[in-house]
Amino acid sequence: MLAQKLHLLRHNVLSFVSSRTGSDLTRRQYDVIVVGGGHAGTEAAAAAARLGAETLLITQKIMTIGALSCNPSLGGVGKGQLVREVDALDGLCGRAGDSAGVHFSILNRSKGPAVWGPRAQLDRERYRQFIQSELLSTPRLTVLEGSVDELLVSQPNPEEPGHHRVTGIRLVDGSHPILSSSVVLTTGTFLSGSLFMGQTTSPGGRMGDAQSCAGLSYTLKETLGLRVGRLRTGTPPRIVKESVDLSLAQLQAPDKQPTPFSFLNTHTRCKPEEQLPCYLTHTTPGVERVVRESVHLNCHIQQDAKGPRYCPSIESRVLRFPGRRHQVWLEPEGLTSDLLYPQGLSMTMPPELQLRLLREIPALHRAEIRTPGYGVQYDFVCPTQLTPSLQVKSTQGLFLAGQINGTTGYEEAAAQGLWAGVNAGRTALSLPPMALSRTQSYIGVLIDDLVGRGVTEPYRMFTSRAEFRTYLRPDNADLRLTPRGFEEVGCVTLRRYKKAVSVRDGLQEALMALQSVALSSTRWREKLGNISLSENKSTTLNGLDLLQYKDVSFEMLASAFPECLSQYFEYSQRLKIEAVYRPHCEKQSREMERIRSEESLSLPSDMDYLSLPVSLSQEVREILDRVRPNTLGAATRLPGMTPAGIIHLLNYVLRTGQRNRHTEHRNRSSQKEGEKGQLCASNIPISQ
């Protein structure tokens with residue numbers, strides 16, 4: 001059904017594009033033009049259109065919209081949080097993942113729910129079909145197949161900051177300019193992209209596709225004067241599944257019950273019993289030997305461009321960590337695909353050596369390669385030149401999202417794309433730009449890190465980057481973001497908003513019901529049986545307090561008090577997580593409020609930041625030492641400063657300040673006592 005609908009929509013769009021002459025299309029004034037049809041571009045175009053902006057998405061090939069260029073997976077630790085937040089703001093990738101997933105799992109289950117990582121292996125074709133179906137049926141969104149040659153630039157609006165203003169684009173075919181109020185560039189690895197395999201180099205951003213036009217790079221560097229750097233990434237070979245001996249690999253089963261990414265879904269398209277397994281194997285000394293013997297034939301690994309720290313090639317791993325045994329995950333590419341994706345074996349050596357390397361792994365001793373791995377080098381724009389709305393500071397109306405900002409991964413690209421699309425649409429509709437604080441979302445953390453710190457290597461999201469991660473959990477992304485997305489931003493549909501409000505109200509009622517049930521420790525033990533509640537505890541505890549205990553579940557409480565709790569079974573997991581993290585979140589809220597209330601606190605001018613006896617990263621110490629802010633508020637606004645660093649600094653200054661004030665008061669008191677003693681002594685008559 002979906003395939004038939006997609007075929008009809010694709011036919012209609014292609015007919016529409018081919019039936020209009022270039023002049024017909026370009027006479028129209030668009031609100032937003034999005035360049036690029038990857039994860040950032042699709043989210044940007046959809047978000048701008050949802051906002052009410054007339055949007056044009058330009059991509060080199062309509063058929064590759066929604067393609068999973070590298071790993072057929074979505075989510076993970078940190079990345080899964082981004083997917084949930086994109087979904088909470090009505091983005092596409094979460095629902096696409098639920099439609100295309102073939103292996104669902106929650107990573108990090110051994111740790112707390114705040115750092116759980118929802119993840120899924122995807123069917124490449126299903127994912128592409130879903131994204132194309134959504135985009136090609138989105139109101140106010142036109143899709144055009146083409147390549148952008150340059151940006152149209154004019155004098156800026158003198159009432160707004162910036163040296164230039166973007167007014168549209170020009171296609172490489174020489175047709176008339178296409179005008180717009182805002183442009184979002186999501187060029188991925190295509191901006192001056194080069195492909196590497198062995199000693200062979202060719203232009204392109206993905207195998208089978210050309211790089212972006214040189215005119216676009218020229219506009220960014222020469223016309224707009226942006227600082228541009230060079231990064232690299234790569235992809236592994238695709239292996240024929242039948243050639244792999246899976247009996248020599250360790251089977252990794254999916255979760256028995258798939259957990260959907262989207263808050264709109266209660267089930268995934270793939271039934272639990274239909275899920276496919278993954279397999280784990282490892283590299284051998286033979287792999288390291290092949291890498292070392294082929295370094296001189298691998299020009300990509302010898303380049304100066306920075307490679308990814310968090311998803312490096314097997315060549316980089318071997319050269320950086322000699323003698324180690326590295327994991328290799330054999331992942332399915334779809335329900336009907338005959339290929340496996342060897343996660344962890346990204347490589348750029350000549351194809352014949354790639355095959356030799358693979359066969360050094362026992363499970364792959366007879367492996368056959370369908371498509372060899374290759375490396376990509378591409379231009380990125382230093383993201384410190386952007387505002388928190390992802391607009392270029394020096395250029396009005398120009399927004400950047402995705403790998404052009406120095407990130408890696410589908411999820412980081414999708415998150416940026418959504419927010420850039422939102423702000424491009426708001427700018428075009430004469431609405432003020434919006435920003436997300438890092439205290440509100442992982443998307444806020446991502447953007448704040450990019451525009452505040454910049455990148456020296458491809459950026460990847462981790463839960464450790466979020467100081468307030470106990471609050472920024474995957475389970476509550478809808479409560480944090482959906483109401484704001486509807487009421488303030490304008491990118492959330494009424495349907496999703498109503499669902500989020502219903503959940504919010506239901507949870508609030510359930511929390512109140514839990515708090516209304518209060519018993520002594522003795523009575524709770526009588527009600528629930530053998531629970532780890534201290535017998536010495538004599539205070540009264542309510543249901544919410546009790547739910548914080550590890551061996552107490554909502555189902556236990558509901559069975560004890562069915563008349564007031566049984567109606568809230570659908571929220572049982574969310575209530576458990578809320579109860580566990582409520583004390584931590586309340587503490588973090590107090591800390592955030594302290595930061596706001598103490599902004600005017602003076603910082604000593606002679607403070608030795610490099611040796612302060614507090615928990616500060618070396619990066620934060622160097623920033624403070626270099627700038628030496630006068631107040632705590634000034635410190636919070638420094639690029640690279642984190643809320644955690646500010647809290648540690650605040651506590652130190654207050655603690656030492658109170659100690660100094662106490663010492664000063666004691667010294668003054670001693671001085672007064674001494675003066676008083678001298679005065680009394682001077683009045684004593686001398687004995688005769």
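Biologist: Between which helix and which strand is the place of Arg140?

Modeller: Arg140 sits in the loop between helix H6 (124-136) and strand E6 (141-145), where helices (H or I, at least four residues) and strands (E, at least two) are DSSP runs numbered from the N terminus. This is a predicted model, in which local features need pLDDT of at least 70 and side-chain atom pairs count only at pLDDT 80 or more, while totals for chains, interfaces and linings use all residues. Residues are numbered from 1 along each chain as its sequence is written, and side-chain values use heavy atoms, with hydrogens and water left out.

Biologist: Why is Arg140 called partly exposed?

Modeller: The relative accessibility of Arg140 is 37%, and the term covers what lies between buried, under 20% relative accessible area, and exposed, over 50% (1.4 Å probe, protein chains only); Arg140 therefore counts as partly exposed. Its phi is positive, about 70 degrees, although Arg140 is not a glycine. Asn108, in the loop between strand E4 (101-107) and strand E5 (117-122), also has a positive phi of about 70 degrees without being a glycine, and with a relative accessible area of 24% Asn108 is partly exposed as well.

Biologist: What makes Ser147 buried, and which residues is Ser147 in contact with?

Modeller: Ser147, in the loop between E6 and strand E7 (148-154), has a relative accessibility of 17%, and so counts as buried. Contact means heavy atoms within 4.5 Å, and, leaving aside neighbours within four places in sequence, the partners of Ser147 are Gln60, Leu171, Val172 and Cys213.

Biologist: How do you know how many disulfides there are?

Modeller: A disulfide is a pair of cysteine sulfur atoms within 2.5 Å, and by this rule the count is zero. As for burial, Cys93 at 2% relative accessibility and Cys270 at 1% are cysteines that count as buried.

Biologist: What makes a set of residues a nonpolar core, and how many residues has the largest one?

Modeller: The set must consist of buried Ala, Val, Leu, Ile, Met, Phe, Trp, Tyr and Cys residues joined through side-chain atoms within 4.5 Å; the largest has 105 residues, and Leu185, Leu220, Leu398 and Trp419 have the most contacts inside it. Helix H11 (residues 410-428) gives the most to this core, with 10 residues. Beyond four places in sequence, the contacts of Trp419 include Leu89, Pro388, Met434, Ile447 and Val489. Another core lies apart, of 27 residues, including Leu511, Leu528, Leu547 and Ala560. In soluble globular proteins, nonpolar side chains tend to be buried together.

Biologist: Why are E11 and E12 called edge strands?

Modeller: Two strands pair if DSSP finds at least two bridges between them, and in the open, antiparallel sheet ordered E11-E10-E19-E12, strand E11 (200-203) and strand E12 (228-235) each have a single partner strand, so one side of each is left without a neighbour in the sheet. Inside this order, strand E10 (residues 194-197) and strand E19 (residues 374-381) are joined by three bridges and run antiparallel, with Val376 in E19 as the bridge partner of Leu195.

Biologist: How do you know that Gly373 is buried, and where is Gly373 found?

Modeller: Gly373 is found in the loop between E18 and E19, and its relative accessibility is 0%, so Gly373 counts as buried. Beyond four places in sequence, Gly373 touches Met197, Thr235, Pro236, Pro237, Met347 and Gln354. Gly373 and Leu345, 28 residues apart in sequence, are 8.6 Å apart in space, C-alpha to C-alpha.

Biologist: Which strands are the edges of the six-stranded sheet?

Modeller: That open sheet has the order E14-E15-E16-E17-E13-E18 with antiparallel pairing, and strand E14 (250-252) and strand E18 (369-371) each pair on one side only. Strand E16 (residues 327-332) and strand E17 (residues 339-343) meet the pairing rule, with four bridges in the antiparallel sense.

Biologist: How do you know where the coordinates deserve caution?

Modeller: The guide is pLDDT, the predictor's confidence in each residue, from 0 to 100; the mean for the protein is 88, and 89% of its residues reach 70 or more. Over residues 1-23, however, pLDDT is below 50, although this stretch has 24 contacts in the model beyond near neighbours in sequence. Residues 676-688 also stay under 50, with zero contacts beyond four places in sequence. Where pLDDT is low, the predicted coordinates should not be read in detail.
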